[in-house]
Amino acid sequence: MPATPGVAVFGVPRTPVSGYEVVRMNESIDTLRQEFEQDFAAISDMETWKSVRDRYLARDSGVITTALKKLRDIPKEDRPAFGQAMNRLRTFVEERLQEKFAAVRDADLASKLQKTDVTRPGFPISLGAVHPIKQLQKEIEQIFVSMGFQVFDLPEIEKDYYNFEALNMPRNHPARDAQDTFYFDQTNLLRTHCSAVQVHSMEAMKPPIRAISTGKVYRRDPFDATHSPMFYQVDVIVVEEGITMGDLKGMLDAFLKRLFGPGTLMRLRPGFFPFVEPGAEVDISCIFCSGRGCAKCKQSGWIEILGAGMVHPKVLRMSNIDDSRYSGFAWGMGIDRVAILKYGVDDIRLFFDNDLRFLRQF
Ligand code: DAH
């Protein structure tokens, strides 16, 4: 709408009498005030508060600024009165809005809190879990701790002496061939079994000795469904006066029943290991078919599970145990192998691939 001289704020048509103009102007300001009151009464939250504030007070396009811009269109003598009236209106608007601010802000916060259910459970944080092999390792250690065994924590980088020499496998012994490993130098290697606990415990303790050690072992083996160049073992030794093969059998039977269930049967077959004499390979009744015969046990009803024997007198003597007085037994077992059987896993690599879809099942 084109600006008409003398017209007050809201486009009320100009009449030629100056005094009358002032009356019209004041009426317009009153109208404005009433409009503001209406808008103000409708304020219900921060959003409407802000829109009312901007509508009236915005620097460029607010109602009050827009009205003041019309100042030049009205007669000179009326301008001061009009300007003052507009300033009063602005102050009035500012004060009213200011008064309302705290209430609106509090109401806003209250309604936000009302919409927020503080009792709702938070987003679940998924925690890592203990690896199935580690779980089994701890379970096995626990069984032995409950039987009064000492748990040895031994290094994975082992001396040739403890891994081979003192276990009756001197340099060039053919049995070393089946346990080739990584040699750091002439004396240090990655241990190939946990049997070093036999030597370490006999050096560290006096009979009666009851000791175990569990952990990773390494061999120059392929990585396929049934082999891994790194796997887990447990090795056990008992040295006391009068220990016989019967003690070995009794203890193995109790242990295997605890690990695989009370119905588990066991048998010993002659076997050779340089550090035991006599030595035995130990089978359990097939846990898949309870000994009836199935594909897993190749119809035999038995599954080979560990190696065992009476500690070789030479081994006792090398660790300064009087073999005329003491005897002992020892046995060793693959923990991954137990896991494979217990959980029916058909590929050892699954335990080391760290695929969460697999690991989450334990
Ligand atoms: N150390 C043997 C291996 O890794 C297993 C073993 C056999 C351990 C007979 C023993 C034992 O303690 O008596 O193949």
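1. Phe 358 is a buried residue, since its relative accessible area is 9% and buried means under 20%. Phe 362 is partly exposed, because its relative accessible area is 31% and the partly exposed class lies between 20% and 50%. Both values come from a predicted model, as does everything else in this note.

2. The next point concerns the rings of these residues. Phe 358 and Phe 362 form an aromatic pair with 5.1 Å from centre to centre and 65 degrees between the planes. The pair is edge-to-face, because an angle over 60 degrees counts as such. In total, the structure holds 15 aromatic pairs.

3. A further aromatic pair is made by Phe 144 and Trp 331; the centres are 5.8 Å apart and the planes are at 50 degrees, so the pair is described as tilted. This pair links distant parts of the chain: Phe 144 belongs to helix H5 (residues 132-146) and Trp 331 to strand S9 (residues 326-334), with the two positions 187 residues apart. Phe 144 and Trp 331 are both buried.

4. Four aromatic residues, Phe 36, Phe 40, Tyr 56 and Phe 92, form one cluster. Phe 92 also has a charged partner: the charged end of Arg 33 sits over its ring, 4.6 Å from the centre. A similar arrangement involves Lys 296, whose charged end sits over the ring of Phe 288 at 5.1 Å from the centre.

5. The surroundings of the ligand deserve attention. Which residues are closest to the ligand? They are His 193, Ser 195, Arg 219, Gln 233 and Ala 330, and 16 residues surround the ligand. A nitrogen atom of the ligand lies 2.9 Å from a polar side-chain atom of His 193. The side chain of Gln 198 places an N or O atom 3.0 Å from an oxygen atom of the ligand. A polar backbone atom of Gly 332 is 3.5 Å from an oxygen atom of the ligand. Taken alone, the ligand exposes 360 Å², of which the protein buries 92%.

6. Helix H10 covers residues 335-343, and its buried residues are Ile 335, Asp 336, Val 338, Ala 339, Ile 340 and Leu 341. In an α-helix, residues three or four places apart point the same way, because there are 3.6 residues a turn. Gly 344 follows H10 and has a positive phi, near 60 degrees.

7. Val 238 lies in strand S5 (residues 230-241). Is Val 238 buried or exposed? Val 238 is buried, because its relative accessibility is 5%. Beyond its neighbours within four places in sequence, Val 238 is in contact with Phe 149, Ile 209, Arg 210, Ile 243, Ser 327, Gly 328 and Phe 329. The C-alpha atom of Val 238 is separated by 17 Å from that of Ala 166, and these residues are 72 residues apart along the chain.

8. Two peptide bonds that lead into a proline are cis. The bond from Pro 207 to Pro 208 is cis, with omega near 5 degrees, and Pro 208 is found in the loop between helix H7 (196-204) and strand S4 (209-218). The bond that joins Glu 277 and Pro 278 is also cis, with omega about -5 degrees; Pro 278 lies in strand S7 (residues 276-285).

9. Positive phi values also appear in residues that are not glycine. Asn 168 has a phi of about 65 degrees and lies in the loop between helix H6 (160-163) and strand S3 (188-190). Asn 168 counts as buried because its relative accessibility is 14%. Ser 290 has a phi near 55 degrees and is located in the loop between S7 and strand S8 (302-311). Ser 290 counts as exposed, because its relative accessibility is 57%.

10. Asn 188 lies in strand S3. Its relative accessibility is 18%, so Asn 188 counts as buried. The side chains of Asn 188 and Lys 159 are joined by a polar contact of 3.4 Å. If residues up to four places away in sequence are not counted, Asn 188 touches Ile 157, Glu 158, Lys 159, Phe 182 and Tyr 183.

Conventions
Residues are numbered from 1 along each chain as its sequence is written. This is a predicted model: local features need pLDDT of at least 70, side-chain atom pairs count only at pLDDT 80 or more; totals for chains, interfaces and linings use all residues. Side-chain values use heavy atoms; hydrogens and water are left out. Rings of Phe, Tyr and Trp (its six-membered ring) pair if their centres lie within 6.5 Å; planes under 30 degrees apart count as stacked, over 60 as edge-to-face and the rest as tilted. Helices (H or I, at least four residues) and strands (E, at least two) are DSSP runs, numbered from the N terminus. Buried means under 20% relative accessible area, exposed over 50%, partly exposed in between (1.4 Å probe, protein chains only). A charge sits over a ring if NZ of Lys or CZ of Arg is within 6 Å of the ring centre and within 35 degrees of the ring normal. A residue is near a molecule or strand if one of its heavy atoms lies within 4 Å of it. A polar contact is a pair of N or O atoms within 3.5 Å; within protein, one must be able to donate a hydrogen and the other to accept it, and residues adjacent in sequence count only if both atoms are side-chain atoms. Accessible areas come from the Shrake-Rupley method with a 1.4 Å probe; for residues, only the protein chains shown count as cover. Contact means heavy atoms within 4.5 Å.
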